[in-house]
Amino acid sequence: MYWTNPQFLITLKDHDPDDNEHMATLIIALLQKYTREKRTNNRGEPCEEYIQFRLYRILNDKDALNAKTHGKYLYAHQLERCGVSGPYINQREVTKRFRTQPGNYLIIPSCYDENISGEFLLRVYTENPISETDCSILHEKNDEIL
């Protein structure tokens with residue numbers, strides 16, 4: 001079920017300007033939407049889902065281009081796991097900073113429990129600007145499952 005979650009492809013073209021190791025800084029934040037409204041309706045009780053996201057490096061540039069062009073999902077054999085936001089946690093937002101080499105990356109948000117759908121906001125920060133053509137939402141499946 002995990003591989004049917006939304007997938008976000010991002011291309012980092014350059015390393016950080018002042019980085020002698022030629023690495024790029026990537027900060028990713030995953031935010032659950034409408035948790036305040038849910039908490040109000042739930043009489044103040046916590047209502048956040050247990051969330052996390054994983055970051056993968058796409059091994060083959062051709063796979064990244066094909067995914068970007070056709071919106072096809074990528075799978076484990078095409079990826080190398082680079083990092084995770086941490087353990088699943090029931091907070092409104094999880095954020096993590098990564099140092100990576102320039103290249104193509106995939107971000108996959110998820111919930112601990114299967115078949116949980118919800119709305120979220122994914123923010124990505126870098127030292128160098130990323131153009132709109134360097135970001136893609138892969139849409140092979142039209143589910144909004146975290």
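Which backbone nitrogen does a side-chain oxygen of N60 reach at the start of helix 2? In this predicted model, the contact is made with the backbone nitrogen of K62, which lies within 2.7 Å of the N60 oxygen. Helix 2 itself comprises residues 61-70. The residue that follows helix 2 is G71, and its phi is positive, near 70°.

The strand arrangement was examined next. An open sheet is formed by 3 strands in the order 5-2-7, with antiparallel pairing. Strand 5 and strand 7 are the edge strands, each of them pairing on one side only. On average, and with direction ignored, neighbouring strands of this sheet are turned by 15° against each other. Strands of a sheet pair through backbone hydrogen bonds, in either a parallel or an antiparallel manner. Here, strand 2 and strand 5 run antiparallel and are joined by 8 bridges. Within this pairing, T25 has R99 of strand 5 as its bridge partner.

R99 also takes part in the charged contacts of the model. The count of salt bridges comes to 5. One of them joins D19 to R99, with the closest N and O atoms 2.4 Å apart. This pair connects distant parts of the chain: D19 belongs to the loop between strand 1 (7-12) and strand 2 (24-32), whereas R99 belongs to strand 5 (residues 93-100), and the two are 80 residues apart. D19 is buried, its relative accessible area being 11%, while R99 is partly exposed at 33%. The D19 and R99 contact does not stand alone, as D19, E21 and R99 are linked in a network of salt bridges.

A salt bridge is also formed between E93 and R123, whose closest N and O atoms are 3.6 Å apart. E93 is located in strand 5 and R123 in strand 7, so that distant parts of the chain, 30 residues apart, are linked by the pair. Both partners are partly exposed: the relative accessible area of E93 is 30%, and R123 has a relative accessibility of 30%. A further salt bridge connects E119 with K33, the closest N and O atoms being separated by 3.7 Å. The sequence separation of this pair is 86 residues, with E119 in the loop between strand 6 (103-111) and strand 7 (120-126), and K33 in the loop between strand 2 and helix 1 (35-41). E119 counts as partly exposed, at 40% relative accessibility, and K33 is likewise partly exposed, with a relative accessible area of 31%.

Aromatic contacts were considered in turn. Across the whole structure, 6 aromatic pairs are found. Among them, W3 and Y56 form a tilted pair, with 5.7 Å from centre to centre and 45° between the planes. W3 is situated in the segment before strand 1 and Y56 in strand 3 (residues 51-58), so this pair also brings together distant parts of the chain, 53 residues apart. The relative accessible area of W3 is 23%, and W3 is therefore partly exposed, whereas Y56 is buried at 6%. The pair of F53 and F98 is edge-to-face, because the ring planes stand at 70°, with the centres 6.3 Å apart. F53 lies in strand 3 and F98 in strand 5, at a separation of 45 residues. F53 is buried, with a relative accessible area of 0%, and F98 also counts as buried, at 8% relative accessibility. Beyond individual pairs, Y2, W3, Y56 and Y75 are linked by ring pairs into a cluster.

Finally, the cysteines were inspected. A search of the whole structure finds 0 disulfides. For C82, the closest cysteine sulfur is that of C135, and the 16 Å between the two sulfur atoms is too far for a bond. C111 is likewise in no disulfide, the nearest cysteine sulfur being that of C47, 12 Å away. The two residues also differ in their surroundings: C82 is partly exposed, with a relative accessible area of 36%, while C111 counts as buried, at 7% relative accessibility.

Notes. Residues are numbered from 1 along each chain as its sequence is written. Side-chain values use heavy atoms; hydrogens and water are left out. A disulfide is a pair of cysteine sulfur atoms within 2.5 Å. Buried means under 20% relative accessible area, exposed over 50%, partly exposed in between (1.4 Å probe, protein chains only). A polar contact is a pair of N or O atoms within 3.5 Å; within protein, one must be able to donate a hydrogen and the other to accept it, and residues adjacent in sequence count only if both atoms are side-chain atoms. Helices (H or I, at least four residues) and strands (E, at least two) are DSSP runs, numbered from the N terminus. A salt bridge is a side-chain nitrogen of Lys or Arg within 4 Å of a carboxyl oxygen of Asp or Glu. Two strands pair if DSSP finds at least two bridges between them. Axes are lines fitted to C-alpha atoms, for helices over the stretch in contact, and angles run from 0 to 180 degrees between N-to-C directions. Rings of Phe, Tyr and Trp (its six-membered ring) pair if their centres lie within 6.5 Å; planes under 30 degrees apart count as stacked, over 60 as edge-to-face and the rest as tilted.
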